[in-house]
Each structure stands twice: as C-alpha cells, then as structure tokens.
Amino acid sequence: MVNVSSVEGLRGSAGLHAYVASKFGVRGITKSAALEAAASGVRVNSIHPGFIATPMTESLESSLLPVPLGRAAEPQEVSQVVLFLFSDESSYLTGSEIVIDGGLTVGVPRKCLAPENIF
C-alpha cells in the first residue's frame with residue numbers, strides 16, 4: 001500500500017492548518033497500518049511530494065518555493081517512486097516515508113558555489 005501525504009505532513013505551514021493536520025494524519029496512519037499488516041506480508045509506505053508541476057500549481061510563482069534542484073517535479077517522477085514502492089525492489093520497506101521534493105525540506109536554501117569551485 002502506498003499512501004500519499006505531502007511535505008506538509010513533515011513540517012508546519014502557516015495558514016494551512018487543516019491541510020497540514022490531514023497530511024500528518026496520513027503519515028501516522030501509514031505507520032500504524034504498517035505495524036498491523038506486516039505479519040501478513042503487506043507493506044505500507046507513504047510518499048511526501050513537494051512542488052509538483054500540475055494544473056493546480058501552474059499559477060504558483062516558483063521562486064516562492066526555493067527548491068534546491070531548481071524546478072518542480074514532473075508527475076511521472078512521483079509515479080516512478082510509487083512504482084518502486086509496489087515493486088519487489090522495495091521488499092524490505094514498510095512504514096517508510098519517501099520524500100519527493102527536490103530538496104525543499106532539506107534545509108534553509110542559500111546560494112552556494114558550484115562543486116568545482118568549492119576546493
């Protein structure tokens with residue numbers, strides 16, 4: 001089973017209280033269901049997408065969401081993670097949270113030198 005939460009299920013977000021609460025709820029249900037279903041061999045995991053290029057987000061100004069990879073994810077990038085979780089390649093994952101956010105929740109973004117200019 002793959003439950004869809006959001007990066008908002010990993011952090012708070014001002015003005016989105018009901019949405020944040022529901023996504024935190026998905027996260028908790030995933031963990032409880034994973035414990036209950038494990039003995040039956042059923043795996044339960046959650047995904048936590050960030051900024052995804054969909055009709056719902058096309059009017060958002062991308063600079064408001066400082067994604068370290070510099071772009072929104074394509075829907076296919078999310079579906080590939082779901083496919084992985086349904087495959088035998090993820091056979092030892094249950095109760096896991098997969099974050100698909102281009103680094104949005106990694107930390108406070110700032111301009112950095114290109115790797116070749118660091119040393």
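**Asking how the core is put together**

The largest nonpolar core has eight residues in all: Val2, Ile47, Ile52, Ala73, Val78, Val81, Leu85 and Ile100. This is a predicted model, where local features need pLDDT of at least 70, side-chain atom pairs count only at pLDDT 80 or more, and totals for chains, interfaces and linings use all residues. Residues are numbered from 1 along each chain as its sequence is written, and side-chain values use heavy atoms, with hydrogens and water left out.

Me: What makes that set a nonpolar core?

Reply: A core is a set of buried Ala, Val, Leu, Ile, Met, Phe, Trp, Tyr and Cys residues joined through side-chain atoms within 4.5 Å. Val2, Ile47, Ile52, Ala73, Val78, Val81, Leu85 and Ile100 make up such a set. Helix α2 gives the most to this core, with three residues.

Me: How do you know that α2 has the span expected of a helix?

Reply: Helices are DSSP runs of H or I with at least four residues, strands are runs of E with at least two, and both are numbered from the N terminus. The expected span is 1.5 Å times one less than the number of residues. For the twelve residues of α2 (75-86) that gives 16 Å, and the helix reaches 17 Å from its first C-alpha to its last, so the two are close.

Me: Why are Val78, Val81 and Leu85 said to be on the same side of α2?

Reply: Val78, Val81 and Leu85 are buried (under 20% relative accessible area; exposed is over 50%, partly exposed in between, with a 1.4 Å probe and protein chains only). They cover an arc of only 55° around the axis, which puts them on the same side; the arc is that of the directions from the helix axis to the C-beta atoms. Gln76, Leu83 and Phe86, on the other side, are exposed.

Me: What makes β2 largely enclosed?

Reply: Five of its five residues are buried, so the rest of the structure largely encloses β2. Asn45, Ile47 and Pro49 point one way, Ser46 and His48 the other.

Me: How do you know that β2 pairs with β1 and with β3?

Reply: Pairing takes at least two bridges found by DSSP. β1 and β2 have three, in the parallel sense, and four join β2 to β3, also parallel. So both pass the cut-off.
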